[in-house]
Amino acid sequence: MSPCKSPKESLVQIGAPAAPAYWKSVDELQSGVKQTGEFPGGLPAGGRGEATRRDFLALMGFSLAAAGLSGCRAPVQHAMPLLIGSEQIIPGVANFYATTCRGCASSCSLLVKQRDGRPIKIEGNAQSAIFGGGTCATGQATVLSLYDDERLRSPLWQGQTAKWEEIDRHVAEALQEAAGGKREIVLLSGTVTSPSTRAIIAEWHARYPRFRHVEYDAVSLSAIRTANESSFGHAVVPHYSFDKARVIVGLEADFLGTWLSPVEFARQYAANRKPEGSPSLHVQFESGMSVTGSNADVRVAVPPSQIGLVAVALLHRIARKAGTGEVPESGSAVDAKKLDAVADELWKHRGESLVVSGVNDVHVQTVVNALNAALGNIGKTVDLAHPSLQRSVNDQSMAELVDKMNRGEVHTLMLHGVNPAYDYHQADQFSAGLKKTALVVSLSDRRDETSSQAHAICPDHHFLEAWGDAEPVESHFSLAQPLIAPLFETRSAQESMLKWLAHDETDYYKYLRAFWQKDLFPRQKEIKSFDDFWDQSLQSGVVDLPAKTAAAVLPKFHGDVKAAADSIMAGSAQAHTGGDSYEVHFYESVPLRDGRHANNPWLLELPDPVTKVTWGNYAAVAPALLKKLGMSDGDVRRLKTESGQLELPVFTQPGQDPHTVSVALGYGRRQVGRAGQNVGVNAFPLTHQEQGGRRYSVAKVALEKTGRSEKLATTQTHFSMEGRPIVLETTLEELNHEPAESHEALPTLWEDRLHGEHAWGMAVDMNSCTGCSACVVACQAENNVPVVGKDQIERIRIMHWIRIDRYYSGPEEDPVSVHQPMMCQHCQNAPCETVCPVVATTTSSEGLNQQVYNRCIGTRYCANNCPYKVRRFNWYNYTDNPKFDFNMESPLGRMVLNPDVVVRSRGVMEKCSLCVQRIQLAKNMALQGGRQIADGEIQTACQQSCPTQAIVFGDLKDPNSRVSQLQRNRRSYQVLEDLGTRPNVGYLKKVRNPLETT
Amino acid sequence: MSSTFLVATFSDPDALVRAVVAVREAGFKVYDVFAPYPLHGLDEAMGVKRSRLPWVTFCVGLCALALALTFQFYTSVLDWPLNVGGKPDNSTLAFIPICFELTVLLSGLATVAALFLRARLYPGKTAALLAEGVTNDTFALALRRRESGFDVHRARVLLEQNGAERVKEKEAEL
Amino acid sequence: MRFQLVLMGLVGLALAGGAGAWQLSRIGVHQGYGPQQPIAFPHKVHAGDNKIPCLYCHFGARTSRHAGIPPASVCMDCHSILEKQTVEIEKLKETLQQERPIAWVKVHNLPDFVYFNHSQHVLSGVKCQSCHGPVEHMERVQQVSPLTMGWCLQCHREHAKLAVGDFQRAALSLTQKQKPVAGLDCASCHY
Amino acid sequence: MSTSTTVRVNGKTAPATGSGVMPQVLPPTFWVDGNPTFRQITDDIAQPMEGRPGKGWWICFGIAFLALLNLGGMVTYLIAKGIGVWGLNNSVGWAFDITNFVFWVGIGHAGTLISAILLLFRQQWRTSINRSAEAMTIFAVMCAGLFPAIHMGRPWDAFFIFPYFPNQRGPLWVNFRSPLVWDVFAISTYLTISLVFWYLGMVPDLATLRDRATGKIKKFIFGTLSLGWNGSHRTWARYEIVSLVLAGLATPLVLSVHSIVSMDFATSLLPGWHTTIFPPYFVAGAIYSGFGMVLTLLIITRSTMNLQRYITLRHLDKMAKVTMLTGMIVSYAYLTEFFGAWYGGNLYERYHFINRATGPYAWCFYLMVLCNVITPQLLWTRKARTSVVFLFIVSIMVNIGMWFERFVIIVVSLHRAFLPSGWGMFYPTIVDVGVLVGSFGLFFTCFLLFIRVLPMIAMWEIKGVMGHGAHKMALSADDPEKVTVNV
């Protein structure tokens, strides 16, 4: 089904409040309804009471508003139907539309749930061959950014609200002036993955000879491109295939968390980790503990300055085995035996191994290329012919731009999707350069560090309001379509650029369609009519076209390994630290990434998958270093380098390299919005550029005392399992000696009471879960879970229904970690139920542990008696309470609420319901279709979001359902099984695949 | 209906007991004795039978027990059996505490109510005091003076002989 | 006599308490609520006299949670052809001309902690009148049913999907005649 | 308990035994000093209600009333904002609230023990203290009842906890398997029966006061409350039977109440809660703490109200002995818990008890041991038991110790339960402390008002104990030597 072709006609807008006359009290009507065209339906404009509630606007059909009390009676509720009906839109029925995520440049394909005219939930598009049905936490949270109060309502000229025509006039004048002069017109953007946007940019190039397009990523992978150019003659980021690799070596590359395309990589990685097949061996060398490192079979902590040495050392061994070229032994601090063993494994699996590095150093990347080439991985796990287009940045060009700006050689600068005044290491110079630029136009959606210095801000649409396309990997296309008419007077960046180009076609939708017709449609043969092609593409969201160029001859490696190795060793020797000087490693954190989503409360409150810290960054230090310096968690230390300093609280991180302090980027935004402003400290100023590439580590850092101490808001304070049967582990060898189906339930005193048609259950594969936390945000979005803020988290009052417990075992310096998604276990003999005085929680006939909020009086007895501590109490009203000034406080932010799930009031207990609203909907759909519910038809929000498909939900009464099969698996167990709670949620044991070093 | 009483007051409770015995031996019927505290041994002297109020306790207690058990059974098993923690609908053991509490509560209240009814104690009742100070330090013996066959003089003498400090005739509604 | 007075007082107190409790139990129950609507739409004429099926206008009830109040355009399906004109029909046309939606007053309001889905009930064969009463005889719609949980349950129990409880399972499964459809789990309605 | 060669006298001369050997008759005035007449007794006990309160009372009342006002403020704030203002969290769902609840319920137990159980055992020393101890029970249970109500997330929906009819939810009742519902029944029954017992016991005294009263208002109030009591012996006879019946009901009731309270914990599966010894352990603890509180109260009131004659050192001595005994039962329970954890070998249970003694809340545990295990051992000497100051300090220690016992049981068990990922610390907030202090305010305000408006000693029972021999024998004032006679 094709969605509305021209969204503006069919979707509603909300804007300035326009209160109809019959509302009795202005207070009760916070914002009204603005009607556009023939569809005047009300938008979620709720009055005080309703907005917090389920039906706070059952949209398009109804707009409800309390109109005061009539005597003792309930408030009069109004219902406003559409004036003109539409067959497609039935109030209360959700539709899903395919689009493309613009949360980062990975450009994942999405399916977005639209309910009554509002997008309310992001889901992965399972039709995508690259990304599968998963998403990441950031992607899940982007829907909330749509309803961010801090978004600009209209364009600004010199800081004042302006009309689009006015700004267009100013820009046109400036461009005219620039075209006649000698100064440049520059578009500074992040990596552009949209082919149609690239086409627009090409038109700019054609029109203005002095136009330059500079791409700039705050966290850059430019060294990979540079190295590939010199190694193979292709300046590209290759497309990696972790699913084809039997041995994976990661060198400071957090490919499961943030690196390049984490959703895709996590999916590939997990597919290859099933003990039922032959799981891959994953070796990770890194300085701080990343999500990826926490999943590795072998993890070696090395300081950033030694990562290159490890690469050289591996190459040395491989080269010896291959009998090619002389590569010196690097003399890294890593145990030679371990390196031998890793090299052996790599060599054993030539052609099905993969070495990746996240170090933005051409030399390291060259050595990595040499390794992959020597191992015969090129063309197999490393695809240079069909590269990834998710990073196309050259750091050098940004440096040149800043120089040019400061020399006054830039006349007009357009900024799109970048914020260098915050995240460029020489932000001051960039800002100084801005002042010498005649016209700075920012397309940012808000006033931020950079856009506030611009002459004009021309706010771009949120991607859920806009048309678009993307080509994350060559020839794999993804379309984006609007899910809602623009909420504010914004304009898509492409439309602005077309307008300023004075293009014949200024409607980006039409441009996009024409572009696809011209460029993409001819590349396929199956569909004859473009309209069909377009409709099909729009419906499925993804189009995989035959490669533009046939796979050429495998590129041969011709990089200069010798020079690279020498440079690496020289650099490492220079960085050599000792005594009171340490190295600092800067990384993108999973919740906040590079900081662009810093005003998203869901992400701010998302615990870091490894440290479980929320709302802020910190200096992660090894336990040994903590002891050595006599620090304790929360002590603020001054990290002093030659170029600057940061003051950050320290936090113990087992497995951290003892000479290295890790600091997350993306925090410390000064201008982003109420929620995210001044959360944490900005670490970007301490990064630097070296040999043409941005470096995210720095050596020779002193850790000075400040005498201050700060509280860190962690959601988990104890990291040992204390020998309890919580996460069960086994080794591959042990497992292979067990029968295939061995799980037996413990006996129970009472008869089975699940008499319903179904018995819902879940299986969580501990081997697949990487801890990426997408499920946490997905659950938050689906179930209207409130954000509670730093203070409440410090008081251990997080509301997340699903959390990911992370435990360490083994020695502090080299721990083994495990991630365990923990949600209500839906016990058949639930301890919480017995103690509830008012039967607010009971087991349904289908095995769900039901929590009835409106019956709950809040004794918290159930939570006390829950062995899994998964029950969440509403300590305050988290909605409509100025103390919790997050999305649920603002009428706009409340638009994201799921109308099928009630918003809980204060004083009641809540918890995971296994997405009962989805179960009920599926039952209803089955009823409508006169059929049975199929296995896999119901996906819980967490399951849907999981890139690795670690979570499987289904009917335990159906012996052939996936969940039944998994719960019969020999790896199946239940957490704290010995308590006799008989959970319906089961787990699959984690299987370790240790590397034998002899 | 008011009647006339012959009221003898004592300050020594022992004397009163002796007087009760003497008066009864002389064939008089002791209407009542009024004292600031329960005089032990007086029951036998006056010939007061043991109260049957404990039967109220027993019967009501039994009923309350049955009621509590039935009620809990009805609500948990018949009216709406809910699956609470996988436990059987009829979790009789879990019903015991409330059965006990209700038994105690209802039988206790019933006993006191029965006492108030039997002894005609209720708020707003005017206390019929046959002698001053019977709630403080005076002990009084009352004989009801009937129309016929009541020898006031003999009774008065008998009482005075047995230590009554004062003997008075008093009309009162009891 | 004072004693009797006290007794009578006690009895009176008990009666007053009982009456009070009954009153308390009716808080939030709006049986009989029939507010005036911006357009005096007579269901009697439409659903009764002219026998227009409920689902013709309230088409959402088939597929959605909400039965929905029909868009004014649905009214015009007929009224653009029919010749009869009244003041109320004039009002309708006016709103269409002015592109001003009609602010109907909702009659049947459920608390928001209850999830009620019209389509589920309609598809299960529940008659609209079972809950809404004889709308086809009403000039102005009013709430006939109490819409309390106890009231919902009465019907759900009659059409229970499952015999609940150890006791009933044995007894009811033999006598159950109706098509078993209705859920009795808390999470059928509360989530 | 008596090993003496004497025969105790039940308020009247001992009946002659047939053997011809007259047993040594002990003076019946044993529990009252100074051999007062009946009239004197009435005057002495009515005096606090008729005179103007002294400075001491005013100071105490002032402090207590301030604390009560503070409670009002705190509870208003609590209900307005939500219980987030307490320090509770996802790990520790109960802390000060339920600690206070159990503490106050426990306090109440001593009153019922004195008035009911000692009545059944015909312990005459109860007569001087039973009225105030019962009053203490009622006020303590009131304080206790406050906490389950305000600890709820939605106290305005507290009525959901009662099974009532008619209700809008049709056949939805309550969960009779939940110990919290048992609690509701137990506490309300306990409060009702205690109130009835207390009031019934007071009716004759109210009549005495009615007959003494001079003012019209007083006469009316006492007149209404005394139900027309006229001292009729036929009524007295029934009255005594009913008292015995009530005492017989109250005795198992009081045992059941704290057993049920302990089941709040014992029926859960949390290590540290899930144990079968809780009912007797809690009952002993309750009596222990209750006697601590009775001592505290009576030591203050006997001196401020000039009632040393009726509440003698011998009374204090008796109470000290009960305190010591129950203290030792409690200590034994502590040991048993540790033994059970060790011997049972349950992983979680063992961890819990190690954590109790060495974890972050170990100081609470050791404070509890100091107050509840070591302190009562000091009461072995008679000197300690009859030193008013020392006893007062001990009684305060007992109160502190028993509060911390509940805190340890509740918070220490919760803060580190099964999943280490759910572990967390509880830190009280100002509101936590404020409500605790406020509950003391409520208690003491009620008690201080009680001693001024109602007879705090049962006059009729004292008179009964004095019996006939009131003016025949006399005992000099507080002479501890006399105590030995009946040990």
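1. Start with how chain B splits up in this predicted model. Chain B comes in two parts: domain 1, covering 3–50 + 127–172, and domain 2, covering 53–118. Taken over C-alpha atoms, the centres of domain 1 and domain 2 of chain B sit 45 Å apart. Worth keeping both ranges handy for the next point.

2. Now the contact between chains B and D. Chain B puts in 59 residues and chain D puts in 54. On the chain B side, the elements giving two or more residues are helix H1 (13–25), strand E2 (30–34), helix H2 (42–46), helix H3 (53–79) and helix H4 (92–118). Of these, H4(B) gives the most, with 17 residues. By class, the side of chain B that touches chain D has 35 nonpolar residues, 15 polar ones and nine charged ones.

3. While you have chain D open, look at the peptide bond from D:Phe165 to D:Pro166: it's cis, with omega near 0°. Where does D:Pro166 sit? You'll find D:Pro166 in the loop that links helix H4 (130–150) to helix H5 (179–212) of chain D.

4. Over to chain A and its barrel. Six strands close it, in the order E21-E26-E23-E25-E24-E29, with mixed pairing. From one strand to the next, the twist averages 45°. One parallel pair in there is E23 (residues 619–621) with E25 (residues 645–652), joined by three bridges. To find the register, take A:Val621, whose bridge partner in E25(A) is A:Thr652.

5. Something also packs over that barrel. Helix H9 (residues 304–322) of chain A lies across three strands, namely E21 (581–588), E26 (660–665) and E29 (697–709). Relative to E21(A), helix H9 runs at about 80°.

6. Chain A has an open sheet as well. Its four strands go in the order E39-E32-E41-E40, and the pairing is again mixed. Which strands are at the edges? Those are E39 (951–955) and E40 (972–973) of chain A, each pairing on one side only. Strand E32 (residues 760–765) and strand E41 (residues 985–988) pair in the parallel sense over four bridges. A handy residue pair for checking this is A:Val764 and its bridge partner in E41(A), A:Tyr987.

7. Another piece of chain A to trace is a right-handed β-α-β unit made of E7(A), helix H5 (residues 195–207) and E8(A). Its strands, E7 (residues 184–189) and E8 (residues 211–215), run parallel and are joined by five bridges. For the register here, A:Ile185 has A:Phe211 as its bridge partner in E8(A).

8. Two backbone angles to look at, beginning with chain A. A:Ser107 isn't a glycine, yet it has a positive phi of about 60°. The residue falls in the loop between strand E2 (94–100) and strand E3 (109–115) of chain A.

9. The other one is in chain C, right after a helix. Helix H6 (residues 87–98) of chain C has twelve residues and spans 16 Å from its first C-alpha to its last, close to the 16 Å expected at 1.5 Å a residue. Just past the end of H6(C), C:Glu99 takes a positive phi of about 55°.

Technical notes:
Residues numbered from 1 in each chain as written. Chains lettered and ligands numbered in written order. Predicted model: local features only at pLDDT ≥ 70, side-chain atom pairs only at ≥ 80, totals over all residues. Pairing = 2+ DSSP bridges. Axes fitted to C-alpha atoms, helices over the stretch in contact; angles between N-to-C directions. Contact = placed C-beta atoms within 7 Å. Right-handed = clockwise from strand over helix to strand, strands pointing away. Nonpolar A, V, L, I, M, F, W, Y, C, P; charged D, E, K, R; others polar. Domains from an automatic or database assignment. Expected span 1.5 Å × (residues − 1).
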